[in-house]
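Work through the exercises below with the structure open. Each task is followed by a solution in steps.

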Amino acid sequence: MFGEFTSVTTIHGLIPGLVPAPRGWGKFRTSPPDTYFFLSDFIDMDMSAPEPIQFTARVAELHHKGTSPNGMFGFPVTTCDGKLPHTIEWESSWAVFFAKLIRGVLKLDIETNGSWAELEEAAEQIITKVIPRLCGALQAGGRQIKARLIHGDLWEGNVGTHADTGDISLYDAGSYYAHNEMELGQWRCEWGQYLRAKVYSKNYLRNFEAAEPVDEWEDRNRLYSLKYNLNYSGGHPGNVTRQT
């Protein structure tokens with residue numbers, strides 16, 4: 001709860017109205033089990049597909065405004081995607097940070113669904129070969145990327161349209177400072193719905209250009225989607241996502 005409260009508070013401080021205003025969090029006196037709460041403003045929302053131009057412009061605005069306070073990738077408190085915690089210790093290298101993030105979510109998936117040699121061998125190849133190549137290129141040869149605040153769990157269930165104003169509202173954030181394109185990896189996942197439509201990623205890229213090397217954007221997007229698929233598998237025991 002503290003992670004979500006911190007995430008939403010940070011987003012609200014950058015763009016008031018983009019998320020329901022956070023009011024507080026804490027622990028109930030009754031225990032066991034330990035039970036926590038998070039309070040925010042109530043917003044009556046339409047949960048149908050958001051208008052692509054407004055939605056992607058607001059997401060890009062968050063990424064542009066939310067730069068890391070120390071220039072590094074990470075977050076000051078632990079946040080979660082669903083019920084699974086992120087590995088978010090500060091790193092200056094995006095490749096190193098993302099490799100740790102993948103190792104963390106893979107470990108959680110194995111704890112939930114059991115060991116699977118083929119998956120673990122493939123993951124090791126991705127961590128040791130693919131991530132250094134694709135993510136490392138973003139900070140090589142004079143290229144640089146800024147660590148930017150992402151929502152961290154931006155799927156269809158966490159996006160709505162304000163019923164009275166028509167404004168986009170995001171909620172249930174599990175933020176960290178990342179390569180901004182990381183946010184869009186979730187939109188690729190097969191268990192997604194309307195955000196898989198190319199109109200969303202295309203409009204986002206009109207507001208926030210793809211990083212160099214531009215011709216590797218699609219490869220990076222596919223790579224970033226692995227984190228969300230592993231996270232979904234780890235949060236839903238026995239789900240077919242692990243096999244696909």
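## Exercise 1: Helix 4 against helix 7

In this predicted model, Ile126, Val130, Ile131 and Leu134 of helix 4 are in contact with Asp219, Arg220, Leu223 and Leu226 of helix 7.

Task: Sort the residues of this contact into nonpolar, polar and charged, then classify the angle at which the axes of helix 4 and helix 7 cross.

Solution.

Step 1. The contact of helix 4 with helix 7 contains 6 nonpolar residues, no polar ones and 2 charged ones.

Step 2. Helix 4 covers residues 117–134 and helix 7 covers residues 217–235. Their axes come within 11 Å and cross at roughly 140 degrees.

Step 3. Angles over 145 degrees count as roughly antiparallel, and 65 to 115 as roughly perpendicular. Helix 4 is therefore oblique to helix 7.

Step 4. The crossing of helix 4 with helix 7 is left-handed.

## Exercise 2: Helix 3 against helix 7

Task: Find the angle and axis distance at which helix 3 and helix 7 pack, and give the make-up of their contact by class.

Solution.

Step 1. The axes of helix 3 and helix 7 are 8 Å apart, and the packing angle is about 25 degrees.

Step 2. Angles under 35 degrees count as roughly parallel, so helix 3 is roughly parallel to helix 7.

Step 3. Helix 3 and helix 7 cross in a left-handed sense.

Step 4. On the helix 3 side the contact includes Trp94, Phe98, Leu101 and Ile102. On the helix 7 side, Leu223, Tyr224, Leu226 and Lys227 are among the residues met.

Step 5. By class, the contact of helix 3 with helix 7 has 10 nonpolar, 5 polar and 2 charged residues.

## Exercise 3: Helix 3 against helix 4

Task: Are helix 3 and helix 4 roughly parallel or roughly antiparallel to each other?

Solution.

Step 1. Helix 3 and helix 4 pack with their axes 10 Å apart, at an angle of about 170 degrees.

Step 2. The cut-off for roughly antiparallel is an angle over 145 degrees, and helix 3 and helix 4 are therefore roughly antiparallel.

Step 3. Among the contact residues of helix 3 are Ala95, Phe98, Arg103 and Asp109, and among those of helix 4 are Leu119, Glu120, Glu124 and Ile131.

Step 4. This contact divides into 10 nonpolar, 1 polar and 4 charged residues.

Step 5. Glutamate 124, which lies in helix 4, is partly exposed at 34% relative accessibility. Glutamate 124 and arginine 220 are 96 residues apart in sequence, and their C-alpha atoms are 17 Å apart.

## Exercise 4: Two aromatic pairs

Task: Classify the geometry of the pair tryptophan 25 and tyrosine 36, then do the same for tryptophan 90 and tyrosine 177.

Solution.

Step 1. The structure holds 18 aromatic pairs. In one of them, the ring centres of tryptophan 25 and tyrosine 36 are 6.4 Å apart and the planes are at 25 degrees, so this pair is stacked.

Step 2. Tryptophan 25 is in strand 1 (residues 22–27) and tyrosine 36 in strand 2 (residues 36–40), 11 residues apart.

Step 3. Tryptophan 25 is partly exposed, at 34% relative accessible area. Tyrosine 36 is also partly exposed, at 40%.

Step 4. For tryptophan 90 and tyrosine 177 the ring centres are 6.2 Å apart and the planes are at 25 degrees, so this pair is stacked.

Step 5. Tryptophan 90 is in the loop between strand 5 and helix 3, and tyrosine 177 is in strand 9, so the pair ties together parts 87 residues apart in sequence.

Step 6. Tryptophan 90 is partly exposed at 28% relative accessibility, whereas tyrosine 177 is buried at 8%.

## Exercise 5: Two loop residues

Task: Is glutamate 181 buried or exposed, and which residues does glycine 136 touch?

Solution.

Step 1. Glutamate 181 sits in the loop between strand 9 and helix 5. With a relative accessible area of 3%, glutamate 181 is buried.

Step 2. Neighbours within four places in sequence aside, glutamate 181 is in contact with Ala210, Ala211, Trp217, Arg220 and Tyr224.

Step 3. Glycine 136 lies in the loop between helix 4 and strand 6 and is partly exposed, at 22% relative accessible area.

Step 4. Not counting residues up to four places away in sequence, glycine 136 touches Ala95 and Ile131.

Methods
Residues numbered from 1 in each chain as written. Predicted model: local features only at pLDDT ≥ 70, side-chain atom pairs only at ≥ 80, totals over all residues. Heavy atoms only, no water. Axes fitted to C-alpha atoms, helices over the stretch in contact; angles between N-to-C directions. Helix = DSSP H or I, 4+ residues; strand = E, 2+ residues; numbered from the N terminus. Left-handed = near helix turned anticlockwise from the far one by under 90°. Contact = heavy atoms within 4.5 Å. Nonpolar A, V, L, I, M, F, W, Y, C, P; charged D, E, K, R; others polar. Phe/Tyr/Trp six-rings, centres within 6.5 Å; stacked < 30°, edge-to-face > 60°. Buried < 20%, exposed > 50% of the residue type's maximum accessible area, 1.4 Å probe, protein only.
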